[in-house]
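Hello,

Please find the structure below, handed over as agreed. My notes on what turned up in it follow.

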Amino acid sequence: MRFIIVVFSFFLLINAAFAQNNIYIIHGYGANVNDHWFGYLERNISDQNNRVIKIALPDSSHPHLLAWNKTLKDNIPRIDKHTFFVAHSLGCITLLDFLAQSKFQQIGGVVCVSGFSERLKALPQLDGYILATKKDFSFKNKILHGQMFISDHDQYVPKELSLALAQELNFAYTVIPNAGHFLASDGYIEFPQLLDWLRNATEAHD
């Protein structure tokens with residue numbers, strides 16, 4: 001019996017040591033899982049240690065918070081130190097709203113691209129959605145690695161809003177010149193800075 005317990009304990013230790021990272025990509029308003037740099041990230045980070053899950057949020061041109069939150073809940077069964085989130089634009093506040101309602105001890109990492117938590121003058125149609133999200137970020141100290149990527153010339157999200165959210169979350173941040181809103185139409189079909197950050201963050205848990 002003691003031998004069985006020792007073998008089982010050894011198996012659990014080995015399994016934990018080589019646990020695969022789950023990297024969830026969460027798109028934003030009017031987007032889909034194949035837009036912008038999402039495919040680039042998947043192709044370049046996926047390996048035996050990292051599994052990428054691109055979550056398709058319903059009716060992204062007419063987002064509904066409850067429906068998007070339910071989609072995240074249905075697609076994210078577990079959150080732990082091997083869980084990483086990459087969220088773009090409206091996907092960021094959606095993710096934060098979901099995390100505020102979830103139970104977990106740690107998150108491996110969260111990276112937001114053009115994140116915000118306040119209303120956008122350029123997109124007043126999103127006011128109701130943004131106001132409905134929870135602004136409770138008390139879980140922020142459970143995030144092992146946090147990063148915000150900010151454009152200094154974003155046509156939708158003012159730099160100041162992304163900086164404010166990064167500071168509220170205690171995230172490091174990088175301001176990239178002339179990146180627009182990090183869309184394919186802004187030239188962002190690749191995102192090497194984000195890829196490098198994600199590689200470093202995931203390797204810290206291998």
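A search of the whole structure, which is a predicted model, finds 1 disulfide. The bond joins Cys92 to Cys112, with an S to S distance of 2.2 Å. That value falls within the 2.5 Å used as the cut-off for a disulfide. The link of Cys92 and Cys112 is right-handed, with 75° about the S-S bond. Distant parts of the chain are linked by this pair: Cys92 lies in helix H4 (residues 90-100) and Cys112 in strand S4 (residues 109-113), 20 residues apart.

Are the two cysteines buried or exposed? Buried means under 20% relative accessible area. Cys92 has 0% relative accessibility and therefore counts as buried. Cys112 also counts as buried, because its relative accessibility is 0%.

Next, the sheet. There is an open sheet of 6 strands, in the order S2-S1-S3-S4-S5-S6, with parallel pairing. Strand S2 (50-55) and strand S6 (172-176) are the edge strands, and each of them pairs on one side only. From one strand to the next, the twist averages 15°. Strand S4, which holds Cys112, stands between S3 and S5 in the strand order.

One pairing in detail: strand S1 (residues 21-26) and strand S3 (residues 83-88) run parallel and are joined by 5 bridges. Across this pairing, Ile25 stands opposite Val86 in S3. Helix H2 (residues 38-45) packs on the sheet and touches S1, S2 and S3. The direction of H2 makes about 160° with that of S2.

The last item is helix H3 (residues 65-75). Which residues of H3 are buried? They are Leu65, Trp68, Asn69, Thr71 and Leu72. These buried residues cover an arc of only 155° around the axis, so they sit on the same side of H3. On the face of H3 turned away from that buried side are the exposed residues Leu66, Lys70, Lys73 and Asp74.

What do the buried residues of H3 pack against? Their partners are S1, S2, H4 and helix H5 (127-132). Two of these have come up above: S2 is an edge strand of the sheet, and H4 is the helix that contains Cys92.

In short, the items to look at are the disulfide of Cys92 and Cys112, the open sheet with parallel pairing, helix H2 packed on that sheet, and helix H3 with its buried side and the exposed residues on the face turned away from it.

Regards

How values were computed: Residues are numbered from 1 along each chain as its sequence is written. This is a predicted model: local features need pLDDT of at least 70, side-chain atom pairs count only at pLDDT 80 or more; totals for chains, interfaces and linings use all residues. Side-chain values use heavy atoms; hydrogens and water are left out. Helices (H or I, at least four residues) and strands (E, at least two) are DSSP runs, numbered from the N terminus. Buried means under 20% relative accessible area, exposed over 50%, partly exposed in between (1.4 Å probe, protein chains only). Two strands pair if DSSP finds at least two bridges between them. Axes are lines fitted to C-alpha atoms, for helices over the stretch in contact, and angles run from 0 to 180 degrees between N-to-C directions. Contact means heavy atoms within 4.5 Å. The arc is that of the directions from the helix axis to the C-beta atoms.
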